[in-house]
Protein chains: 2
Amino acid sequence: MKHSSFHNTNNPLDPEEFRRQGHMIIDFLADYYLNIEKYPVLSQVEPGYLRKRLPESTPYNPESIETILQDVQDHILPGVTHWQSPSYFAYFPSTGSIAGFLGEMLSTGFNVVGFNWISSPAATELESIVMDWLGEMLQLPKSFLFSGNGGGVLQGTTCEAILCTLVAARDQMLRRIGSQNMGKLVVYGSDQTHCSLQKAARIAGINPSNFRAIKTTKRTSFSLSPDSLRSAICEDIDAGLIPLFLCATVGTTSTTAIDPIGSLSDVAKDYGLWLHVDAAYAGSVCICPEFRHVIDGVEGANSFSLNAHKWFLTTLDCCCLWVKDPSALIKSLSTNPEYLKNKATDSRQVVDYKDWQLTLSRRFRSLKLWFVLRNYGVAKLRDFLRSHVNMAKLFEGFVTSDKRFEVVVPRSFAVVCFRVLSPGMGKAASYANGTTTNEASTNELNRKLLESINKSGLVFMTHSVVGGVFVMRFAVGATLVEEKHVITAWKVVQEHANAILISENY
Amino acid sequence: MKHSSFHNTNNPLDPEEFRRQGHMIIDFLADYYLNIEKYPVLSQVEPGYLRKRLPESTPYNPESIETILQDVQDHILPGVTHWQSPSYFAYFPSTGSIAGFLGEMLSTGFNVVGFNWISSPAATELESIVMDWLGEMLQLPKSFLFSGNGGGVLQGTTCEAILCTLVAARDQMLRRIGSQNMGKLVVYGSDQTHCSLQKAARIAGINPSNFRAIKTTKRTSFSLSPDSLRSAICEDIDAGLIPLFLCATVGTTSTTAIDPIGSLSDVAKDYGLWLHVDAAYAGSVCICPEFRHVIDGVEGANSFSLNAHKWFLTTLDCCCLWVKDPSALIKSLSTNPEYLKNKATDSRQVVDYKDWQLTLSRRFRSLKLWFVLRNYGVAKLRDFLRSHVNMAKLFEGFVTSDKRFEVVVPRSFAVVCFRVLSPGMGKAASYANGTTTNEASTNELNRKLLESINKSGLVFMTHSVVGGVFVMRFAVGATLVEEKHVITAWKVVQEHANAILISENY
C-alpha cells in the first residue's frame, strides 16, 4: 500500500484500502462473468433458504471483506437468477456492459446528490447533453430536445416516467376545469399496456373505475386500435367523464406489439388527451434506421420514454424520458424550500432536475449513459441491437421448421412468442379454435414444458397469456449471448418437449 | 489477458476486458480520494460550461475508455461538487464508504431486476434479513419487523417512502369512507417538515388546500407541538374535513429539530391518522443507546424511515422503510400481470417487493447495506457516528467562544446552526429582537459571509432561514472528515468574517 503512513486506514473511505478492496471486487466480478454459464440461470432455491444460512443479527465487531465475499459466493449466488447469463431469455433483457458498469462506479464513487444544478453542475449538464445526443440518435423531433425548448431527464424506471407525466397532465387539466372534477378524469391504455400505467393512475388518485384497458385482438397483433380508442373516449364523454391521458406502447411486454403512434396521436389531439409513448423495450432499437418507423408519429406525442437499462447496455436503473413541455412537469413537481435556494436557480439559466421527477435526491446517472454512448458509438450500438434481432430470427426459424411448434404472434424485434402444439392440433387451425378444451390442454402442456425447461437451469424463459393462449417468450438480449447459446436453447426446448410429449402419452 | 482466445473481446461484457477496465476505474477513484482536497469543494463553474466543452452529438465510432476518463478528469470533475470531500459540510452528508461501494458494485455487476422473489430470490431475502437486522439495532418495536408481522423495504429515497405510505393510508381511509370523499382528506406536517411531504400529497391527489404546515417556534426549538396539531385537526373536523396523515420528523432539514413522536402518536391515535416518522437524517444515530430516546414513542407510529445514504455509509440511494402493516402498502401498490405469475408468489410464502414500492424494477440494494453492517459491525458504526457528533461539538465550542458569533438553535446531532452577529448586536438580545431592521441586515451579512466562504472552495456549507433568521448550517458527516478539517473550517469562517466585517465598515 502506497501512502499508508499519510492516511487513517481505519477510515471507511481510506483511499488505499479502497484501492485494495476495489481490485478484489473487480476480480470477483470478472471471475463471475467467466464462470457464469456454470450456474443454473434460474435460481433453484426454496423460499426462506437464506434466513437459515445467515446469522440472526448484525455482528458487533467488523468482519473482513474476504469473509463477506466468501459468503456472497456460498450463500448469495445460489439465490441469484443470472440476468447476465448468455442463456437468459426471460422477461426483457437487463443488459449490463463494461462501459455502463464503469459509469455507474464513477457515479457511486463521486456519490453526489444532484437534486439541483448547484449541488453538482456536471451531473445536471451532462444529463441534458446526453439526452439531446440520444434524442438525436432516435430522430426525435426537435421539440423534445433542449435545443428545441423541450428536454430530457433520466428517471429510474418507466413507472416513474409515467407517474410524472400523468401527474403533470392531471394538474394541467385541473387548472383548466377545477380540482372538483378530479373524479371525472379518465386514463386510457390497452389490455397489453404495462401494469405500471394502472398503478400510476391509482397512485395519482385517478378514480379506479376511470381506468380503461381497451381490448386488443390477435387480428391486429395486439396493437391498440385508434377506432376502439375513439369509441371508448366518446362513451366516456357521453357519460360526463373527462378523457385525460393515453399511454401508447411500442413493444408491449407480452408480445412486443406496436401501437400506431401516428393515428393514436390524432385521436388524442381531437379530444385533448396527453399522449405518452412508452417505448421501454423497443425504443432503443429505433437508433437503427430500419426500425425507426415504429415510432413514426411521435411528433404528435407529449412525452416519450425508453429504458436504457433494458436493451441499451446501461445497467439498472436508467429510464430516459423526453417531454415537449418541461414546464408542465415543473408546475406539478417543483418544490422550493429555503435550504435549496441559490443564485443559479434564481438566474433561471439552469435546469433543476428535482422538479422533473418524483424524488428530491438523484444519482449521477448520466455518466453511465455517456460512457455507453461514447465507448460503443452509434455504429457498434446498432450492430449490437441488430445481432440480437438476428439471433431471434434464427430461433424463429427453428420454431417454424419444427411442425410440432408454432410462432403465436409475428416477431417484431428480438422476442419470439411461441408454443408447442398438442399432437393432432393442426398448425393452421390451432389458434382460430379459441379457448376450447383442446386449447386449455395445450396451454397446460406449454406451462409444463416451460416449467421443465426452467427447472433444468440451462435456459430461463418466461411466459405470457394473450387472447387466451399461453405463450413462451424467447427474449434475446443478454449482453453475453451468442448464436451458440440460441442453438443450445432450442435443443433444450426440443428435448424437454420430447420428454413431455412421451411421458404425457400424447 | 488470460483466456482471451476463449472470448469475444468485442463483447461489451467480455470478462477480461471487464477486469482490465475495472481495475483502471478503481485506480482512478482511489486517486480521486487521495487528491480530493485539491479540488474546490463547491464547483466553481458557470451555467452552461459543459456544453461548450463537449461535442454536439454521439460519436459514430467507439472511443476508448482511456479517452473518456481523460475527459472525466478535464471536463466533468470541474463541474462536480465534492460531497465526499472532508471539507464538505453542506446540506446533509452523503456518506460513501468502501463497503457501501463494494456492495453497489456487486449489485451493478449482477444487474438483476428484483421485482419479485423468483426474479432473484437472494435480492428479496437478503433485503428482508438486513431490514430486520437494522430494525433490531434501532430497537424498533417487533411489530415493525418481519419477525413480528411487520416488515422493512429498501426504497430509493424518503420521497418515495412518504408517497408509498401516504397512498396506503389514503386508500385504507377511502375504502372505509368512499372515494367520493377524496377531496376532504387532510395531510399534516410542520413548517419544518421536508418539502417531500407536500410534494407527495400533491402527487397522490390530495386537495392542495388540505395540506397543513403547522407553525413551529424557536421556543420549542422548531419541534411540532402536539397541542397545535390537535387544534389544527379539530378545526379541520369542524370544517367537515377528514384528517388522514401526519408526518413527524426526527432531525428536520433546517435545524435537526425533533418532533415528539410519543405525544404526537397519541393525537394521531385519537383522530385515526396514519403516523409516519421521517428520520431520514437522525435515524441512523439511534443505533447509539444515548440517542435512542429521540425516537421514543415510535411504537405508536404506522411507519418509520431513515436514509442509510445520508449518515450510514451506504451510498445513494438507500432509504429504509419499515411498516407495521405491509398489507396496507400491498393493497395500494400491488400489480399482478400474467407475465409475472409464478408458483412462489402463488404459494404466499414469499415477499414480492414490487408491491411495497412505486416502481416495478428494483436494484439489489440490500447488498450494500449488508456489506456496511458486516464490514463495520455495530461497534464501529457507533464509533463513526459519535465521532461526527464530537466534531460538531468541537465546532459548536469554537462558535460559542467567539463572541461575534452565536449558535442559533441548540445542537442535537452533528449539525451546528450558527451565525455571525452584527457588531453591537448583543448576543443575548440578538434573537428576541425579531425581524427588525437590524435583523434584516444581520441576515444580509450572513448571506454574504456564506457566499464568500463557499466561493473560496475551501469549505462548503449551506443555509436555512428559521423564524426569520438566516442561519449557516455546519453539517459534519463526510466520511473522510477529521478534526483538522473542522479546525480549518472554523479558521476559514473567521477569516472571511474578519474580511467582511472590515470591508463593510462594521
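Which strands of chain A does helix 5 (residues 121–137) lie across, and at about what angle does helix 5 run to strand 8? In this predicted model, helix 5 of chain A lies across strand 2 and strand 8 (319–323) of chain A, and its direction is at about 80° to that of strand 8.

The sheet to which these strands belong is open and consists of seven strands in the order 2-8-7-6-5-3-4 in chain A, with mixed pairing. The edges are occupied by strand 2 (151–155) and strand 4 (211–214) of chain A; each has a single partner strand, so one side of each is left without a neighbour in the sheet. Neighbouring strands of this sheet are turned against each other by 20° on average, direction ignored. Within the sheet, strand 5 (residues 242–249) and strand 6 (residues 274–278) of chain A pair in the parallel sense over five bridges. A:Leu246 is placed opposite A:Leu275, which belongs to strand 6 of chain A. Helix 9 (residues 261–271) of chain A packs on the sheet and touches strand 5 and strand 6 of chain A. The direction of helix 9 makes about 160° with that of strand 6 of chain A.

Chain B likewise contains an open sheet of seven strands, in the order 2-8-7-6-5-3-4 and with mixed pairing. Its edge strands are strand 2 (151–155) and strand 4 (211–214) of chain B, each of which pairs on one side only. From one strand to the next, the twist averages 20°. Strand 5 (residues 242–249) and strand 6 (residues 274–278) of chain B are paired in the parallel sense over five bridges. Here B:Ala248 has B:Val277, in strand 6 of chain B, as its bridge partner. Helix 7 of chain B packs on the sheet, where it touches strand 3 (185–190), strand 4 and strand 5 of chain B, and its direction makes about 170° with that of strand 3. Helix 8 (residues 226–238) of chain B also packs on the sheet. Strand 3, strand 4 and strand 5 of chain B are touched by helix 8, whose direction makes about 160° with that of strand 3.

The contact between the two chains involves 154 residues from chain A and 154 residues from chain B. About 14100 Å² is buried between chain B and chain A, 66% of it on carbon and sulfur atoms. On the side of chain B, B:Phe18, B:Tyr339 and B:Arg374 lose the most area to chain A, together 6% of what that side buries. Between the chains, 14 salt bridges are counted. One of the salt bridges joins B:Glu63 to A:Arg374, with the closest N and O atoms 2.8 Å apart. Polar contact between chain B and chain A comprises 73 residue pairs, with both residues at pLDDT 80 or more. Helix 1 (residues 15–34) of chain B supplies the largest share of the side of chain B that touches chain A, namely 18 residues. By class, the residues of that side of chain B divide into 75 nonpolar, 47 polar and 32 charged.

A helix pair across the interface is formed by helix 11 (residues 326–333) of chain A and helix 7 (residues 195–203) of chain B, whose axes come within 9 Å and cross at roughly 115°. In this pair, A:Lys331, A:Ser332 and A:Leu333 of helix 11 meet B:Lys199, B:Arg202 and B:Ile203 of helix 7. The contact of the two helices has two nonpolar, one polar and three charged residues.

Over all chains, the whole structure holds 54 salt bridges. In one of them, the side chains of A:Lys368 and A:Glu104 meet at 2.6 Å, N to O. A:Lys368 lies in helix 13 (residues 366–401) and A:Glu104 in helix 4 (residues 98–110) of chain A, so the pair ties together parts that are 264 residues apart in sequence.

Particular backbone geometry is found in loops of both chains. The peptide bond from A:Leu316 to A:Asp317 is cis, with omega near 0°, and A:Asp317 is located in the loop between helix 10 (308–311) and strand 8 of chain A. In chain B, B:Leu316 and B:Asp317 are joined by a cis peptide bond with omega about 0°. B:Asp317 has its place in the loop between helix 10 (308–311) and strand 8 (319–323) of chain B. A:Arg348, a residue other than glycine, has a positive phi near 60°; A:Arg348 is found in the loop between helix 12 (343–347) and helix 13 of chain A.

Notes
Residues numbered from 1 in each chain as written. Chains lettered and ligands numbered in written order. Predicted model: local features only at pLDDT ≥ 70, side-chain atom pairs only at ≥ 80, totals over all residues. Heavy atoms only, no water. Contact = heavy atoms within 4.5 Å. Buried area = accessible area lost by both parts, 1.4 Å probe. Salt bridge = Lys/Arg side-chain N within 4 Å of Asp/Glu carboxyl O. Polar contact = N/O pair within 3.5 Å; in protein donor to acceptor, adjacent residues only side chain to side chain. Helix = DSSP H or I, 4+ residues; strand = E, 2+ residues; numbered from the N terminus. Nonpolar A, V, L, I, M, F, W, Y, C, P; charged D, E, K, R; others polar. Pairing = 2+ DSSP bridges. Axes fitted to C-alpha atoms, helices over the stretch in contact; angles between N-to-C directions.
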